[in-house]
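This report walks through one protein chain, strand by strand and contact by contact. Keep the sequence and the structure side by side while reading.

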Amino acid sequence: IRLCEQNLRVRVCVQGSMGVGIFTGVPKQLSGVAKLLQMMDWQSNEGEENEGMVGNYLNFGSIGKDHVVNAHVTEDGRQVEQDDVFIIIAPQSMVGVDSSIIGPLQEMTEAAGDRPIILINPDLTDKVSSQGQQNVRGRQDRINFANSFETIYHFQNIYVSGTSYFPILGSMTKLSPQAPWVAHQRRDLMNEEGEIYVPILSCEEKPDGEAILEAFDK
């Protein structure tokens, strides 16, 4: 909404079904998300705060070059404005599906040109596919493409390896494109009065687990 208020046309995208034949589907985390987004109350009806926004400044789509709208004139003479910004919700490949999300996403970035594409909670790693294709053909190219995106915001908890997300050792943050990566260590306050997260390690690049644990031990 904030982008739309700056007269930017935003397309919010959720990937559709992937794969061929019986190996098709949508990641369960995204099941129903596209429909839910369109059913949300965007306050864009007549007389509401964001009147006329949906369908004009805010539109929806999937992943792929066909979902990039450029400025053009329709056959009936109607002027269609181009998409300015693309927000893609949790793009990811699927276990058991030969098709990687990288292909459609790369085609979309090429079609978008220099327009911003923002990925929210992406997982661009390969998954085990029915024929093992995601792990073999063009793997380095897929890695290079995934690494071409810049992290502009990041937050995650730090856990002991092999545990079920507990206990929490700390957190890793990056609060803006220019901000450093900062590892925070969780510490208990005295008299069981709660906890505090203390910045322990700051880096220009995201530190690996070994460097974080070494800093926590000092």
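Start at strand β8. Its side chains alternate: Ile 117 and Leu 119 face one way and are buried, whereas Ile 118 and Ile 120 face the other way and are not. In a regular strand, side chains alternate between the two faces of the sheet. Keep in mind that this is a predicted model.

**The parallel strands**

Which strand does β8 pair with? Strand β7 is joined to β8 by 4 bridges, and the two run parallel. Within that pairing, Ile 117 of β8 is the bridge partner of Phe 86.

Strand β7 (residues 85-89) also pairs with β1, again through 4 bridges and in parallel. Here Ile 88 of β7 is the bridge partner of Cys 13. Strand β1 has a further parallel pairing, with 4 bridges to β4 (residues 58-61). Val 10 stands opposite Leu 58 of β4.

Are the side chains of β1 buried or exposed? Val 10 and Val 12 point one way from β1 (residues 10-13), Arg 11 and Cys 13 point the other way, and all are buried. In β8, by contrast, the side chains pointing to one face are buried and those pointing to the other are not.

**Salt bridges**

The count of salt bridges comes to 7. Three of them are listed here.

| Pair | Closest N to O distance |
|---|---|
| Asp 126 and Arg 139 | 3.7 Å |
| Asp 126 and Arg 142 | 2.9 Å |
| Glu 195 and Arg 186 | 3.2 Å |

Asp 126, Arg 139 and Arg 142 are linked in a network of salt bridges. Take the first pair, Asp 126 with Arg 139, at 3.7 Å. Asp 126 lies in the loop between β8 (117-120) and α3, and Arg 139 lies in helix α3, so this pair ties together parts 13 residues apart in sequence. The second pair, Arg 142 with Asp 126, comes to 2.9 Å between the closest N and O atoms. It also links distant parts of the chain: Arg 142 sits in helix α3 and Asp 126 in the loop between β8 and α3, 16 residues apart.

The two arginines differ in cover. Arg 139 is partly exposed, because its relative accessibility is 42%. Arg 142 is buried, because its relative accessible area is 11%.

In the third pair, the side chains of Glu 195 and Arg 186 meet at 3.2 Å, N to O. Glu 195 has a relative accessible area of 44%, so it is partly exposed. Arg 186 is partly exposed too, with 24%.

**Helix α4 and its cover**

Helix α4 spans residues 209-217, and Ile 212, Ala 215 and Phe 216 are its buried residues. Why do they lie on the same side of α4? They cover an arc of only 100° around the axis, which puts them on the same side. An α-helix has 3.6 residues a turn, so residues three or four places apart point the same way. On the other side of α4, Glu 210 and Asp 217 are exposed.

What covers the buried residues of α4? The cover includes strands β9 (154-159), β10 (168-174), β11 (181-188) and β12 (195-203).

**Gln 156 and the nonpolar patch**

Gln 156 is in strand β9. Its relative accessibility is 31%, so it counts as partly exposed. Leaving out residues up to four places away in sequence, Gln 156 touches Gly 170, Ser 171, Met 172 and Lys 206. The C-alpha atoms of Gln 156 and Ile 200 are separated by 15 Å, and the two are 44 residues apart along the chain.

A nonpolar patch lies on the surface, formed by Ile 152, Tyr 153, Phe 155 and Leu 175. Together these residues have about 450 Å² of accessible area. Tyr 153 is placed in the loop between α3 (139-147) and β9. It counts as exposed because its relative accessibility is 52%, over the 50% cut-off.

**The whole protein**

The protein has 4 helices and 12 strands. Its C-alpha atoms fill a box of roughly 70 × 50 × 30 Å along the principal axes. Of its 218 residues, 34% count as buried. The protein exposes about 14000 Å², and carbon and sulfur atoms supply 50% of that. Among contacts between residues at least 6 apart in sequence, 52% join residues at least 24 apart.

Technical notes. Residues numbered from 1 in each chain as written. Predicted model: local features only at pLDDT ≥ 70, side-chain atom pairs only at ≥ 80, totals over all residues. Heavy atoms only, no water. Buried < 20%, exposed > 50% of the residue type's maximum accessible area, 1.4 Å probe, protein only. Arc of directions from axis to C-beta. Contact = heavy atoms within 4.5 Å. Patch = residues over 30% accessible without salt bridge, like charges linked within 9 Å, V, L, I, M, F, W, Y side chains within 5 Å. Areas by Shrake-Rupley, 256 points an atom, 1.4 Å probe, with all protein chains shown as cover. Salt bridge = Lys/Arg side-chain N within 4 Å of Asp/Glu carboxyl O. Pairing = 2+ DSSP bridges.
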